[in-house]
Amino acid sequence: MSGKNKRKRNPRKSEKGSRANRRKASAPGSQLIVLRNGDNGLVSKAYMSRTAWKKISKIVYGNTRKECGALLIGNLFRDRITGATMAFIDDAFTDGEYGGTSDYVFTAASQADCMNYVYRVYGESKHVIGTVHSHGVHDSFFSAVDHTMMTSRCSEEVHLVLSPSHKTYVITFKDMDNCFHEIDLDTTAIGNGFEFERNTNGH
Ligand SMILES: [Zn+2]
């Protein structure tokens with residue numbers, strides 16, 4: 001979901017650009033307001049399992065030029081003392097579809113299929129806890145389209161964007177009030193199979 005408002009590689013370029021470009025640069029989503037934990041707080045973490053990564057990487061590497069996505073399945077826990085969130089991404093569900101070079105939509109049909117899958121396989125022990133999508137040939141960042149998608153979903157969720165072309169990712173945790181929080185991605189379980197670096201300019 002890099003959308004029509006593709007972020008300029010060189011931010012200075014867009015500052016000097018046309019009025020339209022300046023409008024794009026200030027579009028919501030190109031700069032998420034992210035709440036950071038206090039000095040005494042633990043940083044929230046999302047733990048990616050091998051099972052989930054196997055499915056996500058298969059669809060992402062299946063076509064690195066086009067966008068695609070998957071819903072993240074697992075559990076969210078909150079540390080009552082620090083307020084930090086632990087997101088266990090145990091599985092993923094993809095419709096196997098590819099969008100264009102700058103678009104992918106989580107359709108109602110694929111979300112219904114996912115709910116069916118989750119209840120059939122896990123009963124009530126696991127839930128949809130977020131989304132992941134590929135930006136294909138574009139770098140990883142949260143676009144205005146992504147911002148709309150994330151804030152239209154009415155639960156606490158982890159959202160991940162991967163760029164197979166740039167080998168980068170961005171991740172955020174959105175709460176029920178549509179506020180975004182810093183969260184780290186722990187890929188220890190995947191080891192060398194995860195070749196993405198966090199894009200620190202990504203939000
Ligand atoms: Zn996107």
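## A tour from strand 3 outwards

Select glycine 74 and histidine 127: the two are bridge partners, with histidine 127 in strand 5. Strands here are DSSP runs of E, at least two residues long, and helices are runs of H or I of at least four, both numbered from the N terminus. This is a predicted model, in which local features need pLDDT of at least 70 and side-chain atom pairs count only at pLDDT 80 or more, while totals for chains, interfaces and linings use all residues. Residues are numbered from 1 along each chain as its sequence is written.

**Strands 3, 4 and 5.** Widen the selection to residues 69-78 and 127-134. These are strands 3 and 5, antiparallel and joined by six bridges; two strands pair if DSSP finds at least two bridges between them. Next add residues 85-93, strand 4, which pairs with strand 3 over eight bridges, also in the antiparallel sense. Leucine 71 has phenylalanine 93 of strand 4 as its bridge partner. What lies between strand 3 and strand 4? Six residues separate the two strands of this hairpin, and glycine 83 in the turn has a positive phi of about 80°.

**Strand 2.** Select residues 44-48. Ser44, Ala46 and Met48 point to one face and are buried, whereas Lys45 and Tyr47 point to the other and are not. Buried means 20 or more other C-beta atoms within 10 Å of the residue's own, exposed 12 or fewer, and partly exposed in between, with C-beta atoms placed from the backbone. Strand 2 pairs in the parallel sense with strand 4 over four bridges, and alanine 46 stands opposite alanine 87 there. Strand 2 also runs parallel to strand 9 (residues 183-186), again with four bridges; lysine 45 is partnered by aspartate 184.

**The core.** Select Ile56, Ala70, Leu72, Ile89, Ala92 and Val158, the residues with the most contacts inside the largest nonpolar core, which has 37 residues. Such a core is a set of buried Ala, Val, Leu, Ile, Met, Phe, Trp, Tyr and Cys residues joined through C-beta atoms within 7 Å. Beyond four places in sequence, the contacts of alanine 92 include Ala52, Ile56, Ala70 and Val132; a contact is a pair of C-beta atoms, placed from the backbone, within 7 Å.

**Helix 5.** Go to histidine 147, in residues 144-152. Histidine 147 is buried because 24 other C-beta atoms lie within 10 Å. Its C-alpha atom is 9.5 Å from that of methionine 1, 146 residues away along the chain.

**Confidence.** Finally, colour by pLDDT, the predictor's confidence in each residue from 0 to 100. The chain averages 86, and 81% of residues score at least 70. Residues 6-27 are below 50, and this stretch has 13 contacts beyond near neighbours in sequence.

Definitions and conventions. Two residues are in contact if their C-beta atoms, placed from the backbone, lie within 7 Å.
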